[in-house]
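Morning, everyone. I have one structure to walk you through today. Please have a look at it before I start talking.

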There are 2 protein chains.
Amino acid sequence: MSMESGPAGKAPARSRRADAQRNEQAVLTAAAEVFVSSGVDAPIRRIAARAGVGMGTVYRHFPTRADLVTAVYRHQIEECAEAGPRLLAEAGSPFAALRQWINLFVDFLVTKHGLADALQSDSSRFAALHTYFLDRLLPVCTQLLDAAVEAGDIRPGTQPYELMRGIGNLCIGRDSDPRYDPRRLIELLLRGLRHPGPDTGPGR
Amino acid sequence: MSMESGPAGKAPARSRRADAQRNEQAVLTAAAEVFVSSGVDAPIRRIAARAGVGMGTVYRHFPTRADLVTAVYRHQIEECAEAGPRLLAEAGSPFAALRQWINLFVDFLVTKHGLADALQSDSSRFAALHTYFLDRLLPVCTQLLDAAVEAGDIRPGTQPYELMRGIGNLCIGRDSDPRYDPRRLIELLLRGLRHPGPDTGPGR
DNA sequence: GATGAAGCGGAGCGGCGCTCCGATTAGTAT
DNA sequence: ATACTAATCGGAGCGCCGCTCCGCTTCATC
């Protein structure tokens, strides 16, 4: 027993009791595993069982399912958010940065079973998840979009929120259907965003 | 009373008993009403109650939820399918026809609560619905797309299935969010589809 | 050790999809 | 009109789920 409990320790130790912290971690680990195998819609009972705790414990640490999902993927969302400014500095053009960032975002969504579905579907149960994604990523997307507009790469008028939501929507239900690859459609969207000159051309 | 039961009658009378036909109609009507107010995910119990029949009756006439949804919207799907060739003949260009057809499709999806969600979301429960839409509308979309490619309006290489699915996805979750209008994104997609010339331009 | 509270766990409630089978007809033959 | 039979009906029942609530356990402290 070293002095892990002391307030002078380096860890903030926001939680008080040791078993509570252990359990929270166990739930997080179990949830990550279950999400991979059964999607983010997996029954809470199953996650609790896998973590070796009761359902009450899961609900205490993560009152809503969105809280659990958020906690599991927080690192990756954070990475994605931080990649925005970096890409803007590194990439050859704001448009290239936007495209690469969107690719990152899509890769993230596509590799998590049902994450995109959960993000958009019914507004009630996952509202907090939706909110968290938006809080963290919408400013990044806005920055990239504005930069691309200012550079003349794309035409103005596109709402960042609408774009992000559209991208999220396009990533829905990709599982196990080789005929559907959201990336191709998103590439098409980006083409539509580009500035072709003063005029759209005759649409009819 | 009269000889409506005779097999020599003109009506094919595919169903045998009169009450069965009445009940089927009652369920259809009730389902249409409930879908409007509560979306296509509404509990079967509620639909049965509204129709004044037992759940068994609903399930007998429409074994899966998809069958019920399909039956309710069959007319409109049919109309949409028939509009394809007509637009191709009437519109100024194949591309214009494609755009107008897509607008029809989007209007249809957007005005039914949760229809787009059901179409795409989890593959299991609504598989038959997905299939029906595809059987009926994919050939139409393919025809329009091919015509537009042949006319040089759009670039080749786009898969009709992917396009339809993308459009369906973009229509998901539009309910009560004024910030999101799938039509704007679909317009962007169409722009991306257009033939700008030999080259995409340097997007990197 | 004693003690108080923080934390735990699962029984229980309401809701849902779907099935199954005894009760109820509609239609027919007499 | 009556009897008969098979088609049809209806809802009780089962399993699964989300979520809550509260008596019991265990940790941290004194």
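What percentage of the 204 residues in chain A are buried? The figure is 38%. Keep in mind that this is a predicted model.

Let me start with the fold of a single chain. Chain A has 9 helices and 0 strands. Along the sequence, the pattern reads α-α-α-α-α-α-α-α-α. Now the contacts in chain A with a separation of 6 or more. Of those, 64% are between residues 24 or more positions apart.

One helix pair deserves a closer look. In chain A, α4 covers residues 65-90 and α5 covers residues 94-110. Two numbers describe a packed pair of helices: the angle between the axes and the distance between them. Here the angle is about 170 degrees, and the axes are 9 Å apart. An angle over 145 degrees counts as roughly antiparallel, so α4(A) and α5(A) are roughly antiparallel.

Who meets whom? On the α4(A) side, the residues are Q76(A), C80(A), A83(A), G84(A), L87(A) and L88(A). On the α5(A) side, they are P94(A), A97(A), Q100(A), W101(A), L104(A), F105(A) and F108(A). By class, this contact has 10 nonpolar and 3 polar residues, with no charged ones.

Next, the two copies. How many degrees of turn lay chain B on chain A? The turn is 180 degrees, with a shift of 0.0 Å along the axis and an RMSD of 0.0 Å. The copies are therefore related as by a two-fold rotation axis. In chain B, the C-alpha nearest that axis belongs to G192(B), at 1.9 Å.

On to the interface. Chain B puts in 33 residues, and chain A puts in 33 residues. On the chain B side, four helices each supply at least two residues: α5 (94-110), α6 (115-120), α8 (160-170) and α9 (182-193). The largest share comes from α9(B), with 7 residues. By class, the side of chain B that touches chain A has 11 nonpolar, 12 polar and 10 charged residues. Of the interface residues of chain B, 97% are also interface residues in chain A, so the copies meet through the same surface.

Last topic: the DNA. Take strand D. It is surrounded by 24 residues. The closest are A18(A), N23(B), V53(B), G54(B) and G56(B). Several elements give two or more residues to the surface near strand D. From chain A, they are α1 (18-38), α2 (44-51) and α3 (55-61). From chain B, they are α1 (18-38) and α3 (55-61). Which helix gives the most there? That is α3(B), with 4 residues. The classes near strand D split into 8 nonpolar, 7 polar and 9 charged.

Now strand C. Here, too, 24 residues surround the strand. The closest are N23(A), V53(A), G54(A), G56(A) and A18(B). Helices that supply at least two residues each are α1 and α3 of chain A, plus α1, α2 and α3 of chain B. The most come from α3(A), with 4 residues. By class, the surface near strand C has 8 nonpolar, 7 polar and 9 charged residues.

To recap: chain A has 9 helices and 0 strands. The two chains are related as by a two-fold rotation axis. Near the DNA, α3(B) gives the most to the surface at strand D, and α3(A) gives the most at strand C. That's it from me.

Note on methods. Residues are numbered from 1 along each chain as its sequence is written. Chains are lettered from A and ligands numbered from 1 in the order in which they are written. This is a predicted model: local features need pLDDT of at least 70, side-chain atom pairs count only at pLDDT 80 or more; totals for chains, interfaces and linings use all residues. Copies are superposed by least squares on the C-alpha atoms of residues with pLDDT of at least 70 in both. Two residues are in contact if their C-beta atoms, placed from the backbone, lie within 7 Å. A residue is near a molecule or strand if its C-beta atom, placed from the backbone, lies within 6 Å of it. Ala, Val, Leu, Ile, Met, Phe, Trp, Tyr, Cys and Pro count as nonpolar, Asp, Glu, Lys and Arg as charged, and the others, Gly among them, as polar. A residue is buried if 20 or more other C-beta atoms lie within 10 Å of its own, exposed if 12 or fewer, and partly exposed in between; C-beta atoms are placed from the backbone. Axes are lines fitted to C-alpha atoms, for helices over the stretch in contact, and angles run from 0 to 180 degrees between N-to-C directions. Angles under 35 degrees count as roughly parallel, over 145 as roughly antiparallel, 65 to 115 as roughly perpendicular and the rest as oblique.
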